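Here are my notes on this model, set out as numbered points. Please read them with the structure open.

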Amino acid sequence: MTGFTTVLRLLFRRNWVFWLIWVVVLAMLMPATLSQYATLVPAGSAGELMLEGLAGDPTMRAILGPPFDLTLAGGFAFWRVGAFTAIAAAMMSGLGIIRATRAEEEEGRIELIRSGAVGRHVPLAAAVALALVWNLVLGVAVTASMAALTTPWAGALASGLAIALCGATFTGVGAVMAQLFTSARTARYWTLGIALGGLYLLRAIVDGSQQAGVTNRLLDALQWANPLSWPALVRPYADERFWVLLLPVALTALLLALALVLESRRDHGSGIRASSPGRAEAAPYLSNVWGLAWRLHRGGVIGWSAGMVIAAAGIGPLAHQVTGLIASNSAYSEMLRRMGGGAEGIVDAFYIAMLGILVTFIGLMGVSMLGRLNSEETAGHAEVMLATATPRTALAGSHLAIGGGLAVLLSLMTGALLAVTASSSGTWEALGTGAAAAAALLPGTVVVVGLAMLLIGWAPRAFSIVWAVIGWSIFASWVGALLQFPDWLLRLQPWGHLPKLPTDDLTWSAIVVESIIGLALLGLGLAGYRRRDIRGR
Amino acid sequence: MSNAIEITGLTKTFGHTVALDELDLSVPTGQIHGFLGPNGAGKSTTLRVLLGLLRADSGTARLLGGDPWQDAPSLHRRLAYVPGDVSLWPNLSGGEAIDLLGRARGGLDKARREDLIARFDLDPRKKGRSYSKGNRQKVALIAALASDVELLLLDEPTSGLDPLMERVFADIIRAEQTEGRSVLLSSHILSEVEALCDHVTIIKSGKVVESGSLEELRHLQRMHVTATLRHTHIDIDSIPGVHDAVIDGTRVSMQVDAQQMGALMSALSAAGIETLTSTPPTLDELFVRHYEAAV
C-alpha cells in the first residue's frame with residue numbers, strides 16, 4: 001500500500017466539493033423534517049387517526065417504506081425522509097466512487113498515478129476509504145443533529161448508522177461496477193439505473209403489497225433480501241435492532257473484496273468483459289454531425305423516454321390514494337396545495353406538483369444532452385469535427401435539436417399520460433388538458449436550455465451554474481413546501497411563475513416573457529459559440 | 001502559382017501568454033513544408049488558426065485563397081487535418097470514425113480507404129477506447145488521406161507510430177506531393193522533416209527563426225570536414241571560418257563556415273590530402289544551434 005496517503009490526499013482535493021454538498025444537503029433532511037413534526041401531525045386523537053391512516057396506506061408504504069412507530073417525532077422523521085436519505089446516500093456513494101475510480105482511469109489520470117511509487121490497488125483502496133469516511137461523516141451528522149433535537153439517542157444512532165451503511169453498501173456496488181465496465185457512463189448506469197433503481201422498485205412493490213398484521217413468508221424474505229429495506233428493518237426509534245446493521249457491514253465487505261479481486265484480474269484501462277468489436281464501416285446515417293449526435297444520444301433518448309413513461313404511468317394512479325389520505329389532514333393538504341401551485345382540489349394539486357417535478361427532471365435531461373456539446377469540446381472531438389466541412393451552428397444545433405426536441409416531446413407526453421392515469425375515468429379529454437398543462441410549462445424548459453447554451457457560448461467553464469439552477473428548482477419544488485418556504489421563494493425558479501393549468505387561468509404574460517427570454521438566451525449563446533475560440537485537448 | 005497558405009504578421013494571445021508573435025509563413029501550392037519548433041512554440045496554435053478554430057488577434061491568414069475564419073466549412077472540403085493528440089469517440093469503431101470524418105468532409109474514396117487500412121495495418125473494428133495512441137493516430141491519418149483534398153495540415157502526425165509505420169507514412173506523403181497536393185507538416189522530429197520536406201520554417205516562442213529551402217538553410221551553416229593529411233605541419237586554426245578543429249596525428253576534423261570552404265580546401269591540398277569527407281549539417285545541428293542562440 002505504498003503511496004496510499006499521497007493518493008488519498010490527491011483524491012480528497014479533487015472531490016471534496018462533490019462530497020461536501022451531498023453530505024450537507026442529506027444531513028439536513030431528517031432534522032428539517034423533525035422540526036415540522038408539530039405542524040404536520042396535530043396533537044391528540046386527530047393526529048393519531050391520521051398516523052393510523054398513513055401507516056395503513058399501501059401507496060405510502062410503497063413510496064416511503066414500512067412505518068413502525070410514527071407517534072414519536074423521530075420515528076416519523078425517519079419514516080418520512082430517513083429511508084430516502086439512505087437511498088440518496090447510496091446514490092451519492094455510487095457516483096462518488098465511480099468518479100474517483102473508473103472516470104479517472106478513463107481520463108488516463110490513474111495511469112499517471114500508478115506509474116509512480118503506488119501499489120496496484122492503492123487508487124481503488126483510497127477512493128473506497130474516502131467514500132466510507134464521507135458516509136461516516138454523514139452518519140455522525142445525522143446522529144448528532146437528531147440527538148441534539150432531543151430525540152432518543154438510540155434512535156438517533158440507529159438512523160445515522162443505517163444511512164451511513166446504506167451508503168457504504170453502494171460504495172461497494174459502485175466499486176464492483178467500476179471494475180466490470182470500461183466506461184464510467186456505463187458503470188454509473190448499472191450502479192444507479194439497474195442496481196439502485198431496480199432494488200428501489202422491488203422494495204416499493206414488496207412494501208406496497210404487505211399488509212399490517214398479515215405475515216407473508218415470500219414478501220418477508222424479499223424484504224430481508226433487499227439492502228434498501230435494511231435501514232427500515234433496523235427500526236430506528238421503534239425498539240432498535242442494531243444487529244440488522246451487520247447485514248450491510250457484511251455485504252459491503254463482500255463487495256469490496258470482490259472489487260479488489262476483479263481489479264487484480266483485469267488489465268489497466270480495460271474491464272472484465274472484453275468490449276465487443278464494432279462495425280468495420282459506418283452505417284449510412286453516420287455521415288455528419290446530425291448522425292453523430294444521434295449516435296451519441298441514442299442510449300439516453302431511449303432511457304429517458306422509457307423512464308418518463310414509467311414514472312408518469314406509475315405516479316398518476318397514486319392520485320386516488322392521496323385523495324383519501326390527505327383530505328383528513330389539513331397540514332398535509334396545505335403542503336400539497338403549496339407544492340401544487342395553490343390548487344383547491346387535492347387531485348389537481350397532486351397533478352400539478354408531480355408534473356412540475358417531472359418537467360424539471362426533463363429540463364435536467366435537456367441540459368445534460370446539450371452539455372454534451374461542451375464535453376465533446378473538452379474531449380477534443382469538436383476540434384476534429386469542425387476541421388471537416390461542419391459549420392459551428394450545425395455542431396451546436398445537433399445537440400440542441402435532440403436535447404431540446406426530446407424535452408418538448410417528453411414534457412407533452414408526460415403531461416398527457418400523468419393526466420390520463422390520474423383522472424379516475426381515464427377519459428381522452430384528460431389527454432388534451434394534460435398536454436396543455438405541460439405545454440404551459442415549456443417556456444421554463446426553454447429558459448434553462450437557453451441558459452445552458454449561453455454559458456457554452458460565452459463561459460463554458462462556468463457551465464455548472466445551470467446545474468445549480470436546476471438543483472435549486474428540484475429542491476424548491478420537492479422540499480420547499482415541506483420546509484415552509486415563503487411563496488415568493490418557492491416561485492423563484494424557471495418554472496415558478498408560469499401558469500399552473502388546469503387550476504390557474506391561462507395567462508399569457510409569463511409564458512410570452514419567459515419564451516422571449518429563453519429564445520434570446522439561446523440566440524446569444526449560439527452567437528457566442530460562433531465567435532469564440534474552440535478549445536482543443 | 002498561388003500560395004496554399006499565406007500568413008503575414010499573425011498574432012494570437014491567450015490571456016497574458018503570447019502564443020503567436022507577428023508570425024509569417026507561406027506555403028506555395030504543391031510544396032511539402034516542414035514546420036519545426038519545440039513544444040509550445042506555437043505550431044498547433046498556427047494550425048488551429050488556419051482551421052478557423054481560433055480567431056487571430058491581428059495579422060492576416062489566407063488559406064487556399066479564402067479566409068480561414070469566414071469560409072471555414074467550405075474551405076474544409078478542400079483540406080484534411082490530423083491533430084497532434086488524436087482523441088476518438090470511445091464507443092465508435094475506428095472504421096466508423098474514418099467514415100464519419102471522411103463523409104463530413106464531403107466524401108472519401110473507398111478504394112483508397114481500404115488500401116490505407118491495409119498499408120497501415122489497422123483493425124477498423126476495434127472501438128475507439130481500446131486503440132493505442134499509435135492506432136488512434138492511424139485512424140486520423142487514414143481519415144485525412146482517404147479524401148481527395150488539395151491541402152493536408154498535419155500536426156506531429158507520426159507521434160506514436162512505430163518506425164515501420166513512419167516509413168509507410170513517408171511513402172504516402174511523397175506520393176501525395178507528386179499528385180500536386182500541398183502539405184504543412186508540423187514536427188519536432190527532425191529526421192522526418194529532413195526526409196520529406198523541401199522547405200522548412202523554424203519557429204520559437206511564436207516567432208519565425210528561419211525559413212527557406214533546406215539548401216538555403218544549409219548554405220548558412222557549417223560543414224563538417226574530416227581529412228587524413230600527408231604533412232601535419234599545418235596551422236589549421238589560422239584559416240578563416242574554421243571552428244572546433246581537432247588534430248589527431250595525421251587525422252584532422254573541423255567545422256567550417258560554408259562560404260570559407262574554398263580557402264580550407266587550398267590549405268588542405270597544400271598539406272597533401274589522402275582522404276577527405278565532408279558532410280552537410282543535419283537538421284538536428286541547425287535546430288540545436290537556433291535554440292542555443294535564442295536562449
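Is R230(B) buried or exposed?

1. R230(B) counts as exposed, because its relative accessibility is 53%, and the cut-off for exposed is over 50%. Bear in mind that this is a predicted model. R230(B) sits in the loop that joins β10 (222-229) to β11 (242-248) of chain B.

2. Exposed as R230(B) is, it has contacts from elsewhere in the chain. Setting aside neighbours within four places in sequence, R230(B) touches A271(B), G272(B), I273(B) and E274(B). For I273(B), the C-alpha atom lies 6.4 Å from that of R230(B), with the two positions 43 residues apart along the chain.

3. On the domains of chain B: domain 1 covers 3-214 and domain 2 covers 222-279. Taken over C-alpha atoms, the centres of domain 1 and domain 2 of chain B are 43 Å apart.

4. Next, the sheet. Chain B has an open sheet of 6 strands, in the order β5-β6-β7-β3-β8-β9, and the pairing is mixed. The edge strands are β5 (79-82) and β9 (207-213) of chain B; each has a single partner strand, so one side of each has no neighbour in the sheet. From one strand to the next, the twist averages 15°.

5. At the β5 edge, β5(B) pairs with β6 (residues 151-155) of chain B in the parallel sense, over 4 bridges. Within that pairing, V82(B) is opposite L154(B) of β6(B). Helix α6 (residues 163-178) of chain B packs on the sheet and touches β3 (32-36), β6 and β7 (182-187) of chain B. The direction of this helix makes about 150° with that of β6(B).

6. Two residues of chain B deserve a look at their backbone. Most residues other than glycine have a negative phi. D121(B), not a glycine, has a positive phi of about 55°. D121(B) is in the loop between α4 (110-120) and α5 (133-145) of chain B. It counts as exposed because its relative accessibility is 58%.

7. The second is S205(B), also not a glycine, with a positive phi of about 50°. S205(B) is in the loop between β8 (199-204) and β9 of chain B. With a relative accessible area of 48%, S205(B) is partly exposed.

8. Now chain A. How far apart are the end C-alpha atoms of helix α10 (residues 184-209) of chain A? They are 36 Å apart. The 26 residues of this helix should span 38 Å at 1.5 Å a residue, so the two values agree. α10(A) does bend, by about 25° at G197(A).

9. Several residues of α10(A) are buried, including A184(A), A187(A), T191(A), A195(A) and L196(A). R203(A) and D207(A) are also among the buried residues of this helix. An α-helix has 3.6 residues a turn, so residues three or four places apart point the same way. What covers the buried residues of α10(A) includes α4 (58-64), α5 (73-100), α6 (102-107), α9 (153-180) and α11 (217-224) of chain A.

10. One peptide bond in chain A should be checked by eye. Most peptide bonds are trans. The bond from L501(A) to P502(A) is cis, with omega near 0°. P502(A) lies in the loop between α22 (487-490) and α23 (508-531) of chain A.

Key
Residues are numbered from 1 along each chain as its sequence is written. Chains are lettered from A and ligands numbered from 1 in the order in which they are written. This is a predicted model: local features need pLDDT of at least 70, side-chain atom pairs count only at pLDDT 80 or more; totals for chains, interfaces and linings use all residues. Side-chain values use heavy atoms; hydrogens and water are left out. Two strands pair if DSSP finds at least two bridges between them. Axes are lines fitted to C-alpha atoms, for helices over the stretch in contact, and angles run from 0 to 180 degrees between N-to-C directions. Contact means heavy atoms within 4.5 Å. The expected span of a helix is 1.5 Å times one less than its number of residues. The bend at a residue is the angle between axes fitted to the seven residues ending there and the seven starting there. Buried means under 20% relative accessible area, exposed over 50%, partly exposed in between (1.4 Å probe, protein chains only). Domain bounds come from an automatic or database domain assignment.
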